[in-house]
Amino acid sequence: LEADVEFGHFRDMVFNQYKTQALISLAVILLMALLLIPYARRILREEDQMTQSIVEQNRVIELKNRDITDSINYARKIQEALLPHTEQIQEALPNSFVYYKPRDIVSGDFYWFKEIDGKILLSAVDCTGHGVPGALMSMIGFSKLNAISHKKNSDPGYILEKLDEGVREALSSKRYNQESKDGMDMALCAFDLKNKKVQYSGAFRPLIKINGENLEETKGNRYPIGGGSSYIKDGFTTHEFDINKGDCFYMFSDGFPDQFGGPKDKKFMNKKFKALLQEIQSLPPKEQIIRLDTELENWRGETEQVDDILVIGVCF
């Protein structure tokens with residue numbers, strides 16, 4: 001092959017061209033770097049400030065959450081201190097139990113116990129809401145029940161009527177001209193061990209009586225304690241039953257029957273719950289609590305507890 005230009009000269013020419021282009025590119029890169037470095041520094045500085053701000057906000061949120069949790073934990077101690085000791089209940093009613101399982105730290109469900117004129121009063125109460133709002137309602141209900149008990153009238157219907165008046169008065173807001181629809185559902189029993197009688201009155205919550213294969217459900221009045229003026233109330237009915245050997249009486253909130261779970265993530269339901277009570281009625285009180293808790297945990301599985309849970313049982 002013959003070339004018009006010697007190869008060495010051609011090589012030098014190409015090298016010079018590449019060198020010129022490389023120098024131009026390097027100059028452009030340096031110029032861009034000089035222009036972008038301040039911008040990049042500003043972005044990094046802003047990101048660093050944002051990161052520090054997020055860390056500080058997270059620290060503040062963590063401290064506030066800790067303060068709130070500590071306050072609620074302290075509120076739980078107060079609420080538990082006000083609840084009657086289960087030992088007192090079992091001393092008066094030896095074959096009894098209380099299964100109490102709040103959804104949150106504090107509970108909207110509570111149980112109440114009092115001895116008046118030789119009768120043993122025991123109640124399961126389910127207040128509007130759960131957590132802190134429910135706990136505040138429970139404090140209102142608990143204090144009102146204690147105030148009513150000083151009147152020495154052990155009739156459950158009378159106590160529910162007076163409690164309804166007290167709760168409506170406590171929740172009335174004349175300042176803002178508003179009516180509260182908050183209230184509570186409950187079942188209240190008065191056990192007369194001397195005469196082997198039990199009186200019951202309820203606001204939406206029933207009383208279940210089981211003896212062997214026989215199960216009787218007595219429903220309460222179809223309106224709550226409080227609840228505003230949307231309900232037409234004509235007093236609370238007192239029902240009376242004889243106490244026979246082998247009788248078991250159960251009061252409960254709606255937390256257990258309303259718990260979601262199972263293979264189809266549905267409610268436990270009242271029918272299944274009553275069948276469970278009938279199944280465990282002959283067991284000692286501690287074993288009944290264990291069976292209730294085991295059944296609940298197996299049913300809900302990974303599903304969160306949806307409400308406060310309260311079950312009270314008294315057997316003879």
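# A walk through the model, starting at S138

Select S138 to begin: this serine counts as buried, at 0% relative accessibility. Keep in mind as you click around that you are looking at a predicted model.

**Stop 1: S138 and its surroundings.** S138 belongs to helix 3. Show the side chain and look for the backbone oxygen of A135, which the S138 side chain reaches at 2.6 Å. Now bring up the neighbours from elsewhere in the sequence. Not counting residues up to four places away, S138 touches Q79, S107, G108, F110 and C127.

**Stop 2: W112.** Next, pick W112, which sits in strand 2. Is W112 buried or exposed? It counts as buried, because its relative accessibility is 1% and the cut-off for buried is under 20%. Display everything around this tryptophan and you get quite a list. Leaving aside neighbours within four places in sequence, W112 is in contact with P84, L121, L122, S123, F142, L145, N146, S149 and L188. Zoom in on N146 in that group: the side chains of W112 and N146 make a polar contact at 2.9 Å. For a sense of scale, draw a line from W112 to L36. Those two residues lie 76 apart in sequence, and their C-alpha atoms are 73 Å apart in space.

**Stop 3: the end of strand 2.** Stay on strand 2, which covers residues 109-116, and go to I116. This isoleucine is buried, with a relative accessible area of 2%. Which residues does I116 contact, once neighbours within four places in sequence are set aside? Highlight L121, S149, K152, N153 and S154. If you want another long line on screen, join the C-alpha atoms of I116 and G261: they are 41 Å apart, with the two positions 145 residues apart along the chain.

Now click on D117, in the loop between strand 2 and strand 3. D117 is exposed, with a relative accessible area of 57%. Check its backbone too: phi is near 50 degrees, a positive value in a residue other than glycine.

**Stop 4: K152.** Go back to the contacts of I116 and pick out K152, one of the residues listed there. You'll find this lysine in the loop between helix 3 and helix 4. What is the phi of K152 near? The value is near 60 degrees, again positive in a residue other than glycine. K152 is exposed, with a relative accessible area of 53%.

**Stop 5: helix 4.** Follow the chain on to helix 4, residues 156-171. Just at its start, turn on the side chain of D155: one of its oxygens reaches to within 3.2 Å of the backbone nitrogen of G157. Then run a distance from the first C-alpha of helix 4 to the last. The 16 residues reach 22 Å, close to the 22 Å expected at 1.5 Å a residue.

Colour the buried residues of helix 4 next: P156, G157, I159, L160, L163, D164, G166, V167 and L171. What covers them? The cover includes strand 3 (119-127), helix 3 (131-149), strand 4 (183-192), strand 5 (197-203) and strand 8 (225-226).

**Stop 6: helix 2 and the loop after it.** Jump back along the chain to T86, in helix 2. T86 is partly exposed, with a relative accessible area of 28%. Beyond residues up to four places away in sequence, T86 touches V98 and Y111. The C-alpha atoms of T86 and F97 are separated by 7.5 Å, with the two residues 11 apart along the chain.

Then select N95, in the loop between helix 2 (86-92) and strand 1 (96-101). At 32% relative accessibility, N95 counts as partly exposed. Look at what lies across from it: outside its neighbours within four places in sequence, N95 is in contact with P285, G313, V314 and C315. V314 is 219 residues from N95 along the chain, yet their C-alpha atoms are separated by 6.0 Å.

**Stop 7: helices 5 and 6.** Finish with a helix pair. Select residues 270-280 for helix 5 and 285-300 for helix 6; the two pack at an angle of about 145 degrees, with their axes 10 Å apart. The contact is made by K272, F273, L276, L277, E279 and I280 of helix 5, together with Q288, R291, L292, E295 and W299 of helix 6. Colour these by type and you should count 6 nonpolar, 1 polar and 4 charged. As you rotate the view, note the handedness: helix 5 passes helix 6 in a right-handed crossing.

Notes. Residues are numbered from 1 along each chain as its sequence is written. This is a predicted model: local features need pLDDT of at least 70, side-chain atom pairs count only at pLDDT 80 or more; totals for chains, interfaces and linings use all residues. Side-chain values use heavy atoms; hydrogens and water are left out. Helices (H or I, at least four residues) and strands (E, at least two) are DSSP runs, numbered from the N terminus. The expected span of a helix is 1.5 Å times one less than its number of residues. Buried means under 20% relative accessible area, exposed over 50%, partly exposed in between (1.4 Å probe, protein chains only). Contact means heavy atoms within 4.5 Å. A polar contact is a pair of N or O atoms within 3.5 Å; within protein, one must be able to donate a hydrogen and the other to accept it, and residues adjacent in sequence count only if both atoms are side-chain atoms. Axes are lines fitted to C-alpha atoms, for helices over the stretch in contact, and angles run from 0 to 180 degrees between N-to-C directions. A crossing is left-handed if the near helix is turned anticlockwise from the far one by less than a right angle, and right-handed if clockwise. Ala, Val, Leu, Ile, Met, Phe, Trp, Tyr, Cys and Pro count as nonpolar, Asp, Glu, Lys and Arg as charged, and the others, Gly among them, as polar.
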